[in-house]
Structure formats: structure tokens, C-alpha cells
Amino acid sequence: MKTAVRLLIGTLFVAGLTCSAFAQALPYPSANVQKTYERLLEEIDKIPMYDNHAHPGYADDSDVDAMASPPDESATLRLRDDNPEFVAGAKALFGYPYDDFKPEHAKWLAEKKAAAEKAGGTAYFDGILDKLNVDICLANRAMMPAYLDRKRFHWVFFGDAFFYPFDNRGETASTPDMGVYVPLQEKMLARWKKQEALEAWPADLAGYVAFVQKTMEDNQKRGGVAIKFEAAYFRSLYFTDPPREKAEAIYSKYHASGTPTAEEYRVFQDYIFRRITDQAGKLGLPMHFHSAVGIGDYFSLHNGNVLNLENVVRDARYKNVTFVLVHGGWPYEREAALLTAVKNVYLDTSFQSEMLYPSQFKLVLKQLLTLFPDKMMYGSDAFPFNDALGAEESMWLAARTTRTGLAAALAELVDEGAFSETKAFELARNYLHDNAAHLYGDLKR
Ligand SMILES: [Zn+2]
């Protein structure tokens, strides 16, 4: 016994000296880190990705979102359409023959896309996924178009419109941005109303709740895999739990006419949100939340802070509801990551993967990989910028940033002695594909 222990200690000692994989992790990677990065990237490039959040579609298709950019859009540096990396994307995807997007050059790209749109069919966007080695892409869209292959593009529909059944003049006038957003919510709600063959709003709150819940059920039957909330653009992500009587009184007073006060509207919305959450649990329909900074001069960082959702995601009544923190809470990405300690809470890194340069995104991933790696998912937030610069190039940028940032994060962790290369591949596969595939039932555990 004694000899065995001594032998074991001796072995560990020798291993500690010669093999960093069994040593204490160090604060600096070894001098081999660049080689490890290259080796890991080669393998990571072979892993098909599952994109948890994108807005695929042609530039003239307004259904790529249920809202639109505000009048004074304030794009951060990397997301401006003069970012030269987009040229690299256009070259990689289409063999774009120019080195800039001067109007006379960008025309080449716009014409290529217009031709694909005119030709119709699903081959064009399937081809983009194939080129980027993306298996499945969740399509956040008002409605799905015929040109997206439903086997590869799964529909995520929007839930915010259910918050706006009354006279919205007060909401619309509250900021110039709301002047753009709210009429689009009214349009979306009118489409749900038409879909459900409703002539007028029901006389009581129970009738309205039934309409909301039925629309969710029908959308799921029509292929919807999740319900998305852009609520952070419109209001606080903090939802109270008002009693039915209070919401009932507000509904009775305003469902036919009259403009509710901001406070009355908030109470009503909080009540509807709770009924949507109940139904999402019943249907097994994950709830997606925009949980990062947003565009425009009036987006409130305070109201949009992911921690506002803590009372909901930690509520024991909602253990059967899956919550997905889309965009991973940035700039509160650590708060978001810590919320994924809750069993039914996930996050994705969409938008961060476009806005942050790989060296910055690497640091985010390094943190996420060492907290709850089984809860993090890839996402692009790909979106068409204009006729020339489409969702395609933005999907390319997110994919390249993610693969390179991930390889770098893992290379450093491996070379610092945190874990083995085998473990690194497992983490990469889970983040890029398997965590999402399990969540949406495309892959059984
Ligand atoms: Zn988005």
C-alpha cells in the first residue's frame, strides 16, 4: 500500500514536470499557442454550425424583422457598411472582383443578389449555408418566405405585437424611435388577427388571452420553433406579475377606444407576458429575448439590462419554460452567463460575433467556456444591410469571427494547462452545434 502511494506520487511529480496537461493551469499560454491555434482552427472549421439567431432574407424583404432601424441608427465601427472585412466576405462567398464598395462596384453584388431573388427557389440561401458550413439557421422573421428551405431555416416568430392592442398614440409619441417601432407592431398584430380570423377584439381579457395563446399554438404548428421578444427596444425587461383584476379593468376600459397611460399599458403588458410564458411552457416553445445593447438614440441600457429578467428566469413556476438570452446580454455578458446557471436558461453569442473583433470576442468566449459551456450557443444575427451588402456577408463575418475567436480562446486554455485538446474539441462542438441541436430537438441526448 505504502509503496503504491509512493509510486503514484512519484508518477504525478514526473508528469507535473513534463506534461502541462496534468499541471496546475498557468496564467500565460506556452510559446506553442500559435501552432495549437492553427491545429484547432483546422478542426473547428470542419464542425457544422447551428445558428441560433439570424434574419436571413433579401434586402427588399421587410419580413426579415418585425421592427426596423430607428431614424438615427448609430452603428458601431465594425458594423458600418464601409468595413473592409465585408469585401473579404463578398470575395469568399461570391468571388467579388473589386476591393471596395464604390457604387459602380457594389452594383456587381446587388445584381447577383437580384438575379438570385428573381430566379426564386431555395438553392441560393442553402448554398450560402453550405459555403459557411452552417447546418441549421434559426430565421427571426415576421413570416417565412418561399425562398428559404424549411429544412435548413427554422422559423422564430415575434411576440411583442401582443403587447399593443390599444390606441397606441401615447406610446408612438414617446420617442422618435417608438414612432417607427410601434406602427410596425400594430401591423404585425393585424397580421396575427387576420390569421386567426378575428373581426374585432374580444369583449373581455380572457378572450384576448385566448387569441394570444391560440396564435402561439398555430405558429408552432406552422413551423415556429421559438417566440422572440425585442421588448428591450420598447420597454423595460422587468416584468411584474399583476393580478388578473387589474389587467381586466384596463382591458375593459381600452379595448374598444381610448389611450391608456404609460403605467396602465405597462401593467397590461406584464399580465399578457405572464400568460405568454404560461403558454410557452405548455407548448414547449422556447422564449427568446433580445438581451444586449440596441441601436438608436433612445435604447435604454438600464431597461435592456439582462438582469431585469432575473425574477422571471429564476421563478420556480417556469421550470418548464426554456429561456434563451439572445446576444448573450452584451455588455452585461457575464451577468447573462451567470443566469445560465439556471437549468432552463441558455444564451447565444449572436451580434457579439459581428460587432466584436476576434481578439475581443476571444475574451468573451474564454469566459463563457469556463462558466456553463453546455448552455452557450453560436449565433450570427446576420441581417441585410442594403442591396449589395446582404445577410450573406454578415453571416460570413459572424462565422469567421466565431471560428477564429473560438480557436484562439481554446488554444490559450489548452496551452495554459486548463484542459486537454480533446476536451477543447468537445466544447467547440457543443457550442457551435450540439447545445442548440439538443435544445430544439434536432439531436437526442
Ligand atoms: Zn436579431
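These exercises work through a predicted model, from its sheet to single side chains.

**Exercise 1. Which strands stand at the edges of the sheet, and why is one side of each left without a neighbour?**

Solution.
- Start with the sheet. Eight strands form an open sheet, and their pairing is parallel.
- Read off the order: β1-β2-β3-β4-β5-β6-β7-β8.
- Look at the edges. There stand β1 (49–54) and β8 (376–377).
- Count partners. Each of these two has a single partner strand, so one side of each has no neighbour in the sheet.

**Exercise 2. Which strands pair with β4, and over how many bridges?**

Solution.
- Take β3 and β4. They run parallel and are joined by four bridges.
- Find a facing pair. Phe157 stands opposite Ile227 in β4.
- Now take β4 and β5 (residues 287–290). Three bridges join these parallel strands.
- Here Phe229 stands opposite Phe289 in β5.
- Check burial. Five of the six residues of β4 are buried, so β4 is largely enclosed by the rest of the structure.

**Exercise 3. Are the rings of Tyr164 and Phe234 stacked or edge-to-face?**

Solution.
- Know what to look for. A pair of aromatic rings is described by the distance of the centres and the angle of the planes.
- Take the distance. The centres of Tyr164 and Phe234 are 6.1 Å apart.
- Take the angle. The planes stand at 85°. Planes over 60 degrees apart count as edge-to-face.
- Conclude. The angle is 85°, so the Tyr164–Phe234 pair is edge-to-face.
- Place the residues. Tyr164 lies in the loop between β3 and α6 (169–172). Phe234 lies in the loop between β4 and α9 (244–254).
- The pair therefore ties together parts that are 70 residues apart in sequence.
- Add burial. Both Tyr164 and Phe234 are buried.

**Exercise 4. Is Thr36 buried or exposed, and which residues does Thr36 touch?**

Solution.
- Locate Thr36. This residue lies in helix α2 (residues 33–44).
- Read its relative accessible area: 2%. Buried means under 20%. So Thr36 is buried.
- List the contacts, leaving out residues up to four places away in sequence. Thr36 touches Ala411, Val414, Asp415 and Glu421.
- Pick out Asp415. Its side chain makes a polar contact of 2.8 Å with the side chain of Thr36.

**Exercise 5. Which ring does the charged end of Lys193 sit over, and which face does Arg275 lie over?**

Solution.
- Take Lys193. Its charged end sits over the ring of Trp201, 4.5 Å from the centre.
- Take Arg275. This residue lies over the face of Tyr271, at 4.7 Å from the ring centre.

Terms used:
Residues are numbered from 1 along each chain as its sequence is written. This is a predicted model: local features need pLDDT of at least 70, side-chain atom pairs count only at pLDDT 80 or more; totals for chains, interfaces and linings use all residues. Side-chain values use heavy atoms; hydrogens and water are left out. Two strands pair if DSSP finds at least two bridges between them. Rings of Phe, Tyr and Trp (its six-membered ring) pair if their centres lie within 6.5 Å; planes under 30 degrees apart count as stacked, over 60 as edge-to-face and the rest as tilted. Buried means under 20% relative accessible area, exposed over 50%, partly exposed in between (1.4 Å probe, protein chains only). A charge sits over a ring if NZ of Lys or CZ of Arg is within 6 Å of the ring centre and within 35 degrees of the ring normal. A polar contact is a pair of N or O atoms within 3.5 Å; within protein, one must be able to donate a hydrogen and the other to accept it, and residues adjacent in sequence count only if both atoms are side-chain atoms. Contact means heavy atoms within 4.5 Å.
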